[in-house]
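Visitor: I am new to this structure and would like to learn how to read its features one at a time. Could you show me the model and start with the pairing of charged side chains?

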Amino acid sequence: EQAKSHFQGLLFDAVIPRDPRLSEAIAAHRPVVLYDMNSPGSLAYRSLAQHLQQKYRVEATTATAQTA
């Protein structure tokens with residue numbers, strides 16, 4: 001809540017849960033999506049990545065259409 005109030009409007013709704021597999025992936029020098037693609041942390045990061053792809057794909061398409 002403190003981060004939400006401090007960074008008002010700059011945060012995503014996604015929450016990355018505490019997950020031991022995230023720490024293990026870091027220690028193994030591997031991305032968590034390759035280390036354990038079905039861990040809660042990995043699934044949360046993948047969901048956030050999909051959200052970003054959709055958000056910026058729409059913005060890029062809109063910007064391209066406006067300059068044409």
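Guide: Side chains of opposite charge can pair when their charged atoms come close. In this model, which is predicted, the count comes to two salt bridges.

Visitor: Which residue forms a salt bridge with E24, and how far apart are the closest N and O atoms?

Guide: The partner of E24 is R21, and the closest N and O atoms of this salt bridge lie 2.4 Å apart. Both residues belong to helix α2, and because they are three residues apart there, about one helical turn separates R21 from E24. R21 is partly exposed, with a relative accessible area of 29%, and E24 is likewise partly exposed, at 31%.

Visitor: With which residue does R21 form a salt bridge at 2.9 Å?

Guide: That salt bridge is with D36, where 2.9 Å is the distance between the closest N and O atoms. This pair links distant parts of the chain, since R21 sits in helix α2 while D36 sits in the loop between α3 (32-35) and α4, 15 residues apart. Through shared partners, the salt bridges join R21, E24 and D36 into one network.

Visitor: How should I read a single residue such as S42, and is it buried or exposed?

Guide: One can begin with its place in the fold and then turn to its surroundings. S42 lies in helix α4, which covers residues 40-67, and because its relative accessible area is 0%, under the 20% limit, S42 counts as buried. Leaving aside residues up to four places away in sequence, S42 touches D19, L22, V32, V33, D36 and M37, so D36, the salt-bridge partner of R21, is among the residues that S42 touches. The side chain of S42 also reaches the backbone oxygen of M37, at 3.3 Å.

Visitor: What does the secondary structure of the chain come to?

Guide: The chain has four helices and zero strands, and reading along the sequence gives the pattern α-α-α-α. Of its 68 residues, 13% count as buried.

Visitor: Which residues make a nonpolar patch on the surface?

Guide: F7, L10 and L11 make a nonpolar surface patch of about 320 Å². One of them, L11, lies in the loop between α1 (2-6) and α2 (20-27), and L11 counts as partly exposed because its relative accessibility is 45%. For the chain as a whole, about 5800 Å² is exposed, and carbon and sulfur atoms supply 57% of that area.

How values were computed. Residues are numbered from 1 along each chain as its sequence is written. This is a predicted model: local features need pLDDT of at least 70, side-chain atom pairs count only at pLDDT 80 or more; totals for chains, interfaces and linings use all residues. Side-chain values use heavy atoms; hydrogens and water are left out. Helices (H or I, at least four residues) and strands (E, at least two) are DSSP runs, numbered from the N terminus. Buried means under 20% relative accessible area, exposed over 50%, partly exposed in between (1.4 Å probe, protein chains only). A polar contact is a pair of N or O atoms within 3.5 Å; within protein, one must be able to donate a hydrogen and the other to accept it, and residues adjacent in sequence count only if both atoms are side-chain atoms. Contact means heavy atoms within 4.5 Å. Accessible areas come from the Shrake-Rupley method with a 1.4 Å probe; for residues, only the protein chains shown count as cover. Patches are made of residues with over 30% relative accessible area and no salt bridge: like charges are joined within 9 Å, nonpolar side chains (Val, Leu, Ile, Met, Phe, Trp, Tyr) within 5 Å. A salt bridge is a side-chain nitrogen of Lys or Arg within 4 Å of a carboxyl oxygen of Asp or Glu.
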